Amino acid sequence: MSGPDAVRLAAWCGAEWLQLDFGGPGRAPRLDEPGRLEAVQAASSEHGVGLAGLAVNALNDIGLHAARNSAAGVLARRTVEDALATATALSMPLMFLPSFRLSEIRDEGALSRSAELLGWACRLAEGSGVAIASENVLAPRQVQRLLELANHPGLWLVLDTYNPVRAGIDLQAWMEALSGRIHRQIHVKDGLAGAPAALGRGDGDVAATLERLSHSDGRLHVLENDYRGRGGWDRLRDDLAWLRALRLPSLELNEAQG
């Protein structure tokens with residue numbers, strides 16, 4: 001589900017917040033299509049579900065680190081501009097740019113070009129109320145290099161509780177090295193040998209990760225497991241119940257900005 005339907009689904013599940021995808025070719029319709037943004041706003045108000053953040057997953061199909069003057073590079077920046085306008089219009093506190101598939105950072109050149117675009121996006125977002133973040137599976141030293149090259153104090157990192165584990169990264173060391181740049185919105189999912197698993201039933205040690213993070217400011221915990229297929233609705237509600245049972249400190253609705 002996407003757009004206003006996703007908002008209604010979140011309300012049905014009892015979720016208080018929702019991250020949305022901007023959409024694009026081969027994905028959901030873009031949120032800035034005529035009437036769609038207004039429909040999302042109306043559903044959010046009607047059902048009391050906050051709009052926490054915007055993912056620009058279309059970048060995974062374009063290439064975030066495409067050469068700036070190439071057709072892909074121009075499209076990537078235009079997509080970021082359009083997505084930021086949407087996030088601003090929806091008063092979302094976060095927009096994150098993923099680095100997977102065609103945007104995966106595999107060498108120094110890709111890292112440098114990714115940092116350039118991320119720094120540019122942060123400058124573009126100044127004064128909008130929207131924070132910019134990167135989501136990637138780089139090792140701590142590479143992430144530190146990315147932050148250094150982006151050269152903007154407003155660039156954050158979205159932590160996923162399982163993606164680094166699947167990539168063979170020591171998640172505890174990652175969190176210790178980068179604690180000051182981890183955004184308050186955390187993606188929560190689990191897995192078993194790389195495949196999706198119910199929270200707490202995989203090899204991601206998710207509860208321990210979240211408990212370590214709870215020593216800092218409150219967090220927004222965003223479910224990102226795969227709920228497609230048989231029994232998806234039940235699995236979604238089970239994961240919500242598991243997460244709530246941890247009784248982790250979380251953000252109040254009026255604290256999500258910043």
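1. Asp61 in this predicted model is partly exposed, its relative accessibility being 30%. Its salt-bridge partner is Arg27, with a nitrogen-to-oxygen distance of 2.8 Å between the two side chains. Because Arg27 belongs to the loop between strand S1 (17–21) and helix H2 (36–47) while Asp61 belongs to helix H3 (residues 59–62), the pair ties together parts of the chain that are 34 residues apart in sequence. Arg27 is likewise partly exposed, and its relative accessible area is 33%.

2. The model contains 13 salt bridges by the rule applied here. As background, side chains of opposite charge can pair when their charged atoms come close. The two pairs taken up next both involve Arg145: one with Glu108 and one with Glu148.

3. Between Glu108 and Arg145, the closest N and O atoms of the salt bridge are 3.5 Å apart. This pair links distant parts of the chain, since Glu108 is in helix H5 and Arg145 is in helix H6, with their positions 37 residues apart in sequence. Glu108 is partly exposed at a relative accessible area of 44%; Arg145 is also partly exposed, at 33%.

4. How do the axes of helices H5 and H6 cross? The axes of H5 (residues 108–125) and H6 (residues 140–150) come within 8 Å, and the crossing angle is roughly 50°. That angle makes H5 oblique to H6. The handedness of the crossing of H5 and H6 is right-handed.

5. Within helix H6, the side chains of Glu148 and Arg145 form a salt bridge with an N to O distance of 3.4 Å. The two residues are 3 apart in sequence, about one turn of the helix. Glu148 is exposed, with 53% relative accessibility. Elsewhere, salt bridges with shared partners join Arg27, Asp61 and Arg101 into one network.

6. Arg101, a member of that network, deserves a check of its backbone. Arg101 has a positive phi of about 50° although it is not a glycine. In general, most residues other than glycine have a negative phi. Arg101 is located in the loop between strand S3 (94–98) and H5, and it is exposed at 54% relative accessibility.

7. Asn151 raises the same kind of backbone point: its phi is positive, about 55°, and it is not a glycine. Asn151 is placed in the loop between H6 and strand S5 (155–157). With 63% relative accessibility, Asn151 is exposed.

8. Which side chain of opposite charge is nearest to Asp190? It is Arg201, at 8.6 Å, and Asp190 is buried without a salt bridge. A salt bridge requires a side-chain nitrogen of Lys or Arg within 4 Å of a carboxyl oxygen of Asp or Glu, so a separation beyond that limit does not qualify. Asp190 lies in strand S7 (residues 190–192).

9. The side chain of Asp190 does have backbone nitrogen atoms beside it. A polar atom of this side chain lies 3.0 Å from the backbone nitrogen of Gly200. The Asp190 side chain also reaches the backbone nitrogen of Gly204, at 3.1 Å.

10. The backbone of Asp190 is engaged by Asn225: the backbone nitrogen of Asp190 is 3.2 Å from a polar atom of the Asn225 side chain. Asn225 sits in the loop between strand S9 (220–223) and H10. Is Asn225 buried or exposed? Asn225 is buried, with 11% relative accessibility. The side chains of Asn225 and Asp239 are joined by a polar contact of 2.7 Å.

11. Two residues outside the helices and strands complete the note. Met1 is in the segment before helix H1 (3–13) and is exposed at 69% relative accessibility. Met1 and Ala28 are 27 residues apart in sequence, and their C-alpha atoms are 8.4 Å apart in space. Arg247 is in the segment after helix H10 (232–245) and is exposed, with a relative accessible area of 74%. A C-alpha separation of 24 Å is found between Arg247 and Pro164, which are 83 residues apart along the chain.

Terms used:
Residues numbered from 1 in each chain as written. Predicted model: local features only at pLDDT ≥ 70, side-chain atom pairs only at ≥ 80, totals over all residues. Heavy atoms only, no water. Helix = DSSP H or I, 4+ residues; strand = E, 2+ residues; numbered from the N terminus. Buried < 20%, exposed > 50% of the residue type's maximum accessible area, 1.4 Å probe, protein only. Lys, Arg positive; Asp, Glu negative; His and termini not counted. Polar contact = N/O pair within 3.5 Å; in protein donor to acceptor, adjacent residues only side chain to side chain. Axes fitted to C-alpha atoms, helices over the stretch in contact; angles between N-to-C directions. Parallel < 35°, antiparallel > 145°, perpendicular 65-115°, else oblique. Left-handed = near helix turned anticlockwise from the far one by under 90°.
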